[in-house]
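Trainee: Could you take me through one part of this model up close? Pick a single helix, and set the scene before you zoom in.

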Amino acid sequence: MKTYEQVDEYMQRIGLKYIKGSNEFITGLAVRTDKNYAMKIAEELNSRANRQNDSNMVFYKMKNESLVASIYISAAFDGGLFRHLGNLIIDKPDLFNGRIIDMACDCGIVTCFIAQQYPQCKITGVDVNSSAIENAKELAQKLGLSNVDFVCSDVYEYVAEEKADTVTSFRSLLDVTLAAVKDLPFFGEIKWREKQYCTAFEKYAKAIADNLKPDGRMLSVERYTADYGWLGWMLSLEEQGVYSIPEECQEMRASDISSVKDYTVTIAQKTGNKSTANDSYCNVLIRSFKSGTGYDGYMAEFALNQDADGEITYYDIFKGDKILHQFASAVAKSGKVMYYEASGNKKRIKYANIKKKEALDKDLEQKLQLYNTDEFSVKTYKIQRI
């Protein structure tokens, strides 16, 4: 990825550099802080990875014990993302005029970059973590910035004295709404699933809308993707009168210490063309979609809805109120038959000649019979594609 010179210079200036692996991370953290702190962070990260502890407040308080520690830990997990964010911020100068509010800003790395890149704007970073806010203030002071300030507040409760021309949210939705989304499904019929995310995101969407001017805009880059959650996020904003702009929304990929992660970019506005969330969702995915192609992942679900000629038949397997498995079938516009399956974090669709329909229907029936009615329930229904 080509990075703008301004982004590279900023990252070098604040010490935000790419870290290749976990061993380098722990060693580097110990050198910059001390061995005991590095081991404490390692234990906390291992605990989170094993799902023994999912308290964001505990982690972010620990992360922000010092500015140098906070920046170094951010480099490990978001260094690649910051490069993409920096490029995006430079590419969208029209979003950074006037009054800006950066929600859930953590230690202010992106907030301060915006302030430095656009000295004509006035930006406020908001975060519930007092240690993060102190680090953000320290960073702004080191950079000599006079157009940025920071407020310690729960973003749900924050009310700006002056409403913003633009509100930003960078990788914050997951952390802010963690309690509300904790038990939500990762798959399931898209309208049913995304409505649940829409409801879970409602308070955050409202906080953003309430702090925007009547003609204000919003930029968010989040970990929720087309796999689950992103459509719900745009729906939630839409319910608050903030409408996604189809041609401005996009997908993003960025590397961290251990993997490549997917993100979504949502740009929305209070006025102008009131496009629907579904318009934006479909507009992004159609860019890389090929009809009649077997897919894994979220494109499999999109193919089912995009290619179906009329009704889709779903078979949802529940244990209690939790969905465990999903099957679906439909006839494609091409005349081929489509068979879709989802469970856990996997989704897959395959296309077959209509001559194979009888055999594939029988295979599906056999799969459904594996779930005894004493322990599981099968919900069968038909809906029109989205």
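Mentor: Start with charge. The protein chain carries 50 positive and 54 negative charges. Their mean positions lie 4 Å apart. Keep in mind that this is a predicted model.

Now the overall build. The protein chain has 15 helices and 14 strands. Its C-alpha atoms fill a box of roughly 70 × 50 × 40 Å along the principal axes. The radius of gyration is 23 Å, which agrees with the value near 21 Å that a compact globule of 386 residues would have. Buried residues account for 53% of the 386. Take the contacts with a separation of 6 or more: 71% of them join residues 24 or more positions apart. The exposed area is about 18,100 Å², and carbon and sulfur atoms supply 48% of that.

Zoom in on helix α10, residues 190–200. Which of its residues are buried? They are Ile-190, Arg-193, Glu-194, Tyr-197, Cys-198 and Ala-200. These residues span an arc of only 165° around the axis, so they sit on the same side of α10. Note that Arg-193 and Glu-194 are in this buried set.

What does that buried set pack against? Five helices and a strand are the partners: α9 (178–181), α11 (202–210), α12 (230–239), α13 (277–285), α14 (298–307) and β13 (346–352).

Two sites elsewhere make useful companions. Take Ile-267, in strand β8 (residues 260–269). Its relative accessible area is 2%; under 20% is buried, so Ile-267 counts as buried. Leu-219 is 48 residues away along the chain, yet the two C-alpha atoms are separated by 4.6 Å. Leu-219 is also among the contacts of Ile-267 beyond four places in sequence. The others are Lys-92, Leu-95, Met-218, Tyr-243, Ser-244, Ile-245, Glu-248 and Cys-249.

Then Cys-107. This residue lies in a loop, between β1 (99–103) and α6 (109–117). Loop or not, Cys-107 counts as buried, at 1% relative accessibility. Beyond its neighbours within four places, Cys-107 touches Lys-63, Asn-64, Ser-70 and Ser-74, along with Ala-132, Asn-135, Ala-136 and Leu-139. Val-159 is 52 residues from Cys-107 in sequence, and the C-alpha atoms are 20 Å apart.

Back to α10 to finish. View the helix down its axis. Look for the 165° arc that holds the buried residues. Then trace the packing out to each partner, from α9 to β13.

Terms used
Residues are numbered from 1 along each chain as its sequence is written. This is a predicted model: local features need pLDDT of at least 70, side-chain atom pairs count only at pLDDT 80 or more; totals for chains, interfaces and linings use all residues. Side-chain values use heavy atoms; hydrogens and water are left out. Helices (H or I, at least four residues) and strands (E, at least two) are DSSP runs, numbered from the N terminus. The radius of gyration is taken over C-alpha atoms; the globule rule is 2.2 Å times the number of residues to the power 0.38. Buried means under 20% relative accessible area, exposed over 50%, partly exposed in between (1.4 Å probe, protein chains only). Contact means heavy atoms within 4.5 Å. Accessible areas come from the Shrake-Rupley method with a 1.4 Å probe; for residues, only the protein chains shown count as cover. Lys and Arg count as positive and Asp and Glu as negative; His and the chain ends are not counted. The place of a charge is taken as NZ of Lys, CZ of Arg, CG of Asp or CD of Glu. The arc is that of the directions from the helix axis to the C-beta atoms.
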